[in-house]
Amino acid sequence: EVGPGPGGLTRALLACGARHVFAIERDRRGVAALADLVRAYPDRLTIIEGDALEVDAAALAEKSEAIRFAWLGHSTILLELDGQRVLIDPVFAQRASPVPFTATRFQPPAWPLSALTDAVDAVVISHNHYDHLDEPSIRQLARGGAVFLVPLGVGEQLAAWGIAADRVIELDWWDSHALGRLTLTATPAQHFSGRGLTDRNRTLWASWVAAGTAGTVFFSGDSG
């Protein structure tokens, strides 16, 4: 799991039993703030000082059969299960808003999107808010071979961005799609949708379940 400080999420992940946490801290003050965790979890916590984690090409060379995931910031997660690689809610842009100078990223993405374009089998979207559905990221990922799994109505937005219809799979709650031995199911969530002032709740939102032979993973989306 990869995430930024200052330590609240890192502490929560360790308390929940995460096998290994990579915490990225910008400066020595952030590193010092986690000193007690380093002493308590010497084999489960790695502190990285700097702006981002550099790409480990070997990590993308072979897909995992077991459950493996990396948190890349906000709601962006790279999940591997049953030999499939799924990128959830990819947002790699500098800001997640149609308004300049708002919703600006604090740190660069942990991995550059260019390293993932040809490495993922599916892109899963929870809903159409700007901080979960990012046009530049979707356009870049469309250069690879991934399919796009989205809630009902969101496919129209992808079509407007030039994504071919045969690569977009719209699902209602409880609908499923098979990806090799992995089954991805759109499940209910408490949230809402909209990208402007007049389209509130015109498209569906969802949480997701990824079920494979190695286990099951639940992604809550943006539930309230």
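This section describes strand pairing, burial and side-chain contacts in a predicted model.

The sheet is open and has six strands. Their order is β4-β5-β6-β7-β8-β9, and the pairing is mixed. Strands β4 (68–73) and β9 (168–171) form the edges, each pairing on one side only. Neighbouring strands are turned by 20 degrees against each other on average, with direction ignored. Strands of a sheet pair through backbone hydrogen bonds, in either a parallel or an antiparallel sense.

The β4 end of this sheet is built from hairpins. Strand β4 runs antiparallel to β5 (residues 76–81), and five bridges join the two. Within this ladder, glycine 73 has threonine 76 as its bridge partner. Alanine 70 is bridged to leucine 78 of β5. The β4–β5 hairpin leaves two residues between its strands. Histidine 74 sits in that turn and has a positive phi of about 50 degrees.

Strand β5 also pairs with β6 (residues 84–88), again through five bridges in the antiparallel sense. Here glutamate 80 stands opposite arginine 85 of β6. The strands β5 and β6 form a hairpin with two residues between them. Aspartate 82 takes a positive phi near 55 degrees in this hairpin.

Burial of β5 extends along the strand: six of its six residues are buried. Both faces are covered. Thr76, Leu78 and Glu80 lie on one side, while Ile77, Leu79 and Leu81 lie on the other. Glutamate 80 has a relative accessibility of 3% and so counts as buried, the cut-off being under 20%. This buried residue forms a salt bridge with arginine 68, with the closest N and O atoms 2.6 Å apart. The pair links glutamate 80 in strand β5 to arginine 68 in strand β4, 12 residues apart. Arginine 68, at 36% relative accessibility, counts as partly exposed. Glutamate 80 is thus described by three features: a position opposite arginine 85 in β6, a salt bridge to arginine 68, and burial.

Further salt bridges lie elsewhere in the model. The count comes to six. One of them joins arginine 181 and glutamate 65, whose closest N and O atoms are 2.6 Å apart. Arginine 181 lies in the loop between β10 (176–179) and β11, and glutamate 65 lies in the loop between α4 (57–61) and β4. The pair therefore ties together parts that are 116 residues apart in sequence. Both partners are partly exposed: arginine 181 has a relative accessible area of 45%, and glutamate 65 has a relative accessibility of 44%. A network of salt bridges links Glu65, Asp82 and Arg181. Asp82 is the residue with the positive phi in the β5–β6 hairpin.

A salt bridge within a helix is also present. Arginine 139 and glutamate 135 both belong to helix α5 (residues 135–141). They are four residues apart, about one turn of the helix. Their closest N and O atoms are 2.9 Å apart. Arginine 139 is partly exposed at 39% relative accessibility. Glutamate 135 is also partly exposed, with a relative accessible area of 29%.

Strands β11, β12 and β13 form a further set of pairings. Strand β11 (residues 182–187) is joined to β12 (residues 207–212) by five bridges, and the two run antiparallel. Threonine 187 stands opposite serine 207 of β12. Strand β12 in turn pairs with β13 (residues 215–219) over five bridges, also in the antiparallel sense. In this ladder, valine 209 stands opposite phenylalanine 218. Strands β12 and β13 form a hairpin with two residues between them.

The loop between β11 and β12 contains threonine 203. Threonine 203 has a relative accessible area of 15%. The cut-off for burial is under 20%, so this residue counts as buried. Its side chain makes a polar contact of 3.2 Å with the side chain of asparagine 128. Neighbours within four places in sequence aside, threonine 203 is in contact with Asn128, Leu152, Gly153, Val154 and Ser193. Asn128 therefore appears both as the polar partner of threonine 203 and in the list of contacts around this buried residue.

Terms used: Residues are numbered from 1 along each chain as its sequence is written. This is a predicted model: local features need pLDDT of at least 70, side-chain atom pairs count only at pLDDT 80 or more; totals for chains, interfaces and linings use all residues. Side-chain values use heavy atoms; hydrogens and water are left out. Two strands pair if DSSP finds at least two bridges between them. Axes are lines fitted to C-alpha atoms, for helices over the stretch in contact, and angles run from 0 to 180 degrees between N-to-C directions. Buried means under 20% relative accessible area, exposed over 50%, partly exposed in between (1.4 Å probe, protein chains only). A polar contact is a pair of N or O atoms within 3.5 Å; within protein, one must be able to donate a hydrogen and the other to accept it, and residues adjacent in sequence count only if both atoms are side-chain atoms. Contact means heavy atoms within 4.5 Å. A salt bridge is a side-chain nitrogen of Lys or Arg within 4 Å of a carboxyl oxygen of Asp or Glu.
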